[in-house]
Amino acid sequence: MMNCRILVWNCRGIVGGTRRQALVDLIRQEKPRILFLSETLCSEKQLETLRIRIGFDNCLGMESSESSPGVALLWMNDMPVNIQTYSARHIDVTIGAQGSPEEWRLSGIYGYARTRDRGRTWELMRRLARQSSLPWLLVGDFNEILANSEKVGGAPRRLAQMQAFRETLMDCALLDMGYSGSPFTWADHQTKERLDRSLWSVGLRNLFPRSSTTHLHPSTSDHSPLLVEICVNPSPSMRKKRIFRFEQFWATHPECEDVIKGSWGRIVSGNPVNQAIGKIKHTCSALNAWQKLTFMFKQTEMRAVRSRLDELMAALFDPTHHAEKQALNKKFQELLTAEETIWI
């Protein structure tokens, strides 16, 4: 069984151009094999369009309604996913050959936002815990914190609210997976909190002890994405040579055809086979150099903006940061819009 990278994001609506392009950018950067989205705010037809757009093979989605703003799970064919249960607030699957020693369970959840409804989230978690004894990973936006240390700004959280969450984890035999990156995953103009997290059972921790969770840079949503890496095998010590791949969106650029014609037109000696191989090598090399100059600058700008947003998310609450964060978000959306015009 291969290593598994899972991207988890409360996207706060995925239909809009910049939000969708932010997801495309995340997928290009992190290369997940499974994607869990909450608050999709879209229909099943729009989810299917999104699946095609981001290049995933499969999608199970609950479209948004009055009871829930929508959840979705997308995955690649090389991930042996078997659907178990789903509702407006969760999707539960197993991964791996049924009955094999490495079979495990993944559940994505979107917790109720209103305080008076939080008990329904805890009830759902307990119900899921009773359904299987497989090693378990539970991810999503729980809309609650475990301690006031997971919060800055605003009024302190009531102890009873946090205690209810803690007791649920104990009843479900789940542990917080920990994280690297910013200590907070959600922010508004006066508060930062860790609402999104990954939880695992002792069984999963023992099965895949090298696994980890990273809080990624915030972007167009007020929630930061999570990258959960289930490490079946240790990473190889040597980097593999990168294979050249022609990206379809390059062809929409007016300079692309000239680059191909110019490099293919170079004279190469030898028999016809060697000539063809030489022309392909020249063309690949020319395209690679051209795309770095043409497209990589925007990626560098986006990385810089994401890095500064991450610094602001990790910093203690400061009202003066709000204006800078708004300006950075505006800049990031402009860069995403520019990328979207390239891909269309």
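Q: What makes Lys 31 count as exposed in this predicted model?
A: Lys 31 has a relative accessible area of 55%. Exposed means over 50%, so Lys 31 earns the word.

Q: Where is Lys 31, and what is noted about its phi?
A: You will find Lys 31 in the loop between helix H1 (17-30) and strand E2 (34-38). Its phi is near 55 degrees, a positive value in a residue other than glycine. Most residues other than glycine have a negative phi.

Q: Why is Ala 173 called partly exposed?
A: The relative accessible area of Ala 173 is 49%. Partly exposed covers what lies between the buried limit of 20% and the exposed limit of 50%, so Ala 173 belongs there. This residue sits in the loop between H4 and strand E10 (175-176), and its phi, near 55 degrees, is positive in a residue other than glycine.

Q: How do you know that Cys 4 is in no disulfide?
A: A search of the whole structure finds 0 disulfides. For Cys 4, the nearest cysteine sulfur is that of Cys 231, 9.8 Å away. A disulfide needs two cysteine sulfur atoms within 2.5 Å, so Cys 4 does not qualify.

Q: What about Cys 59: why is there no bond to Cys 42?
A: The sulfur of Cys 59 has its closest cysteine sulfur in Cys 42, at 8.3 Å, and that is too far for a bond. The limit is 2.5 Å.

Q: Which of the words buried, partly exposed and exposed fit Cys 4 and Cys 59, and why?
A: Cys 4 has a relative accessible area of 1%; buried means under 20%, so Cys 4 is buried. Cys 59 has 26%, which puts this cysteine in the partly exposed class.

Q: Why is H3 called roughly parallel to H4?
A: The axes of helix H3 (residues 118-131) and helix H4 (residues 159-172) come within 9 Å and cross at roughly 5 degrees. Angles under 35 degrees count as roughly parallel, so H3 is roughly parallel to H4.

Q: Which residues make the contact between H3 and H4?
A: From H3 come Arg 118, Trp 122, Met 125, Arg 126 and Ala 129. Their partners in H4 include Gln 161, Ala 164, Phe 165, Glu 167 and Leu 169. By class, the contact has 7 nonpolar, 2 polar and 4 charged residues.

Q: How do you know that Ser 180 is partly exposed, and what does it touch?
A: Ser 180, in strand E11 (residues 180-181), has a relative accessible area of 37%. That value lies between 20% and 50%, so partly exposed is the right term. Leaving out residues up to four places away in sequence, Ser 180 touches Thr 213, Thr 214 and His 215. The C-alpha atoms of Ser 180 and His 215 are separated by 6.2 Å, although the two residues are 35 apart along the chain.

Q: Which residues of the largest nonpolar core touch the most other members?
A: Of its 28 residues, they are Ile 6, Ile 34, Trp 104, Leu 106, Leu 137 and Ile 230. Strands that each supply at least two residues of this core include strand E1 (4-10), strand E7 (104-110) and strand E8 (136-141). A second, separate core of 21 residues includes Leu 26, Ile 27, Met 76 and Leu 227.

Q: What does Leu 106 touch?
A: Not counting residues up to four places away in sequence, its contacts include Ile 6, Ile 34, Leu 73, Leu 137 and Val 139.

How values were computed. Residues numbered from 1 in each chain as written. Predicted model: local features only at pLDDT ≥ 70, side-chain atom pairs only at ≥ 80, totals over all residues. Heavy atoms only, no water. Buried < 20%, exposed > 50% of the residue type's maximum accessible area, 1.4 Å probe, protein only. Axes fitted to C-alpha atoms, helices over the stretch in contact; angles between N-to-C directions. Helix = DSSP H or I, 4+ residues; strand = E, 2+ residues; numbered from the N terminus. Parallel < 35°, antiparallel > 145°, perpendicular 65-115°, else oblique. Contact = heavy atoms within 4.5 Å. Nonpolar A, V, L, I, M, F, W, Y, C, P; charged D, E, K, R; others polar. Core = buried A, V, L, I, M, F, W, Y, C linked by side-chain atoms within 4.5 Å.
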